[in-house]
Amino acid sequence: MRKQAKFEKVSLEQFLPYGGEKIYEDIKIPKRATKCSAGYDLFAPEPITLKPRETVTVATGLRVLMPDDWCLLILPRSGLGFKYKLRLNNTVGVIDADYSNSENEGHIFVRMTNESDKTLEITKGTAFAQGIFVKYLLTEDDDVTNERNGGLGSTSRDNPQK
């Protein structure tokens, strides 16, 4: 299978407002667990404790480079969703190919809520979410020429048609 995408860290300067230099040094690049895994595991850059009904935003320190007609879907790990009703606050995160060109370097954040009645402890370096690459198609009448010039949520902010 041809490899076309790449995970990498955002710059230290981009990450520092969200965590220290030691956390940055220890950020793990996402990996698949098996050769047939669809998802690339995202690993906790530091310990995460989520009490029942609590929400946390994880600054992963990661960005992704991919072809223009791809996106990366971010989902919780199946086991955490099943055992702890762990939910992403936007249900499924969609990382567009041009997000890596944004002012925040395409820094991927994961906001999630523990909807169970049990405290969830995720140790540093443990997989807590997964990213799945998807190639998508365009309609025949698609004529969008706008380009991203911001970070998270910027496509609706910068496009008056939305």
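This section describes the sheets, the nonpolar core and selected residues of a predicted model.

Two open sheets are considered here. In one of them, 4 strands are arranged in the order 2-11-6-8, with antiparallel pairing. The edges of this sheet are taken by strand 2 (40-43) and strand 8 (93-96); each has a single partner strand, so one side of each is left without a neighbour in the sheet. From one strand to the next, the twist averages 30°. At one edge, strand 2 pairs with strand 11 (residues 127-135) in the antiparallel sense, and the pairing extends over 4 bridges. Within this part of the sheet, phenylalanine 43 is positioned opposite alanine 127 of strand 11.

At the other edge, strand 8 pairs with strand 6 (residues 70-76), again in the antiparallel sense, and 4 bridges connect the two. Cysteine 71 stands opposite aspartate 96 of strand 8. The two faces of strand 8 are distinguished by their covering: Gly93 and Ile95 form the covered face, whereas Val94 and Asp96 form the uncovered one. Aspartate 96, the residue facing cysteine 71 across the strand pair, thus belongs to the uncovered face of strand 8.

The second open sheet comprises 3 strands in the order 4-9-7, and its pairing is antiparallel. Strand 4 (55-59) and strand 7 stand at its edges; since each has a single partner strand, one side of each is left without a neighbour in the sheet. The twist in this sheet averages 30° from one strand to the next. Strand 7 and strand 9 run antiparallel and are joined by 3 bridges. Arginine 87 is found opposite threonine 113 of strand 9.

The largest nonpolar core contains 33 residues. The residues with the most contacts inside this core are Leu72, Ile74, Met112 and Phe128. Of these, methionine 112 was examined further. Methionine 112 is located in strand 9, and its relative accessibility of 0% places it among the buried residues, for which the limit is under 20%. With neighbours within four places in sequence set aside, the contacts of methionine 112 include the nonpolar residues Ile48, Leu50, Val56, Val58, Leu86, Leu88, Ile122 and Phe128. Glu54, Thr55, Arg87 and Asn89 are also in contact with methionine 112. One of these partners, Phe128, is itself listed among the core residues with the most contacts. By contrast, methionine 112 and valine 64 lie 48 residues apart in sequence, and their C-alpha atoms are 20 Å apart in space.

Histidine 107 occupies the loop between strand 8 and strand 9 (109-114). Despite this loop position, histidine 107 counts as buried, with a relative accessibility of 0%. The side chain of histidine 107 forms a polar contact of 3.4 Å with the side chain of glutamine 14. When neighbours within four places in sequence are left aside, the surroundings of histidine 107 consist of Val10, Gln14, Phe15, Tyr18, Ala59, Thr60, Gly61, Leu62 and Tyr99. Glutamine 14 therefore appears both as a contact of histidine 107 and as its polar partner, and the buried state of histidine 107 follows from its 0% relative accessibility.

Two loop residues were noted for their backbone conformation. Most residues other than glycine have a negative phi. Lysine 85, which is not a glycine, has a positive phi of about 50°. Its place is in the loop between helix 3 (78-84) and strand 7. With a relative accessible area of 44%, lysine 85 is partly exposed. Threonine 91 likewise has a positive phi, near 70°, and is located in the loop between strand 7 (86-88) and strand 8. The relative accessibility of threonine 91 is 60%, and the residue therefore counts as exposed. Threonine 91 and glutamate 105 are 14 residues apart along the chain, with a separation of 23 Å between their C-alpha atoms.

The structure contains 0 disulfides. Two cysteines may be contrasted by their accessibility. Cysteine 36 counts as exposed because its relative accessibility is 70%, whereas cysteine 71, at 9%, counts as buried.

Definitions and conventions. Residues numbered from 1 in each chain as written. Predicted model: local features only at pLDDT ≥ 70, side-chain atom pairs only at ≥ 80, totals over all residues. Heavy atoms only, no water. Core = buried A, V, L, I, M, F, W, Y, C linked by side-chain atoms within 4.5 Å. Buried < 20%, exposed > 50% of the residue type's maximum accessible area, 1.4 Å probe, protein only. Disulfide = S-S within 2.5 Å. Pairing = 2+ DSSP bridges. Axes fitted to C-alpha atoms, helices over the stretch in contact; angles between N-to-C directions. Polar contact = N/O pair within 3.5 Å; in protein donor to acceptor, adjacent residues only side chain to side chain. Contact = heavy atoms within 4.5 Å.
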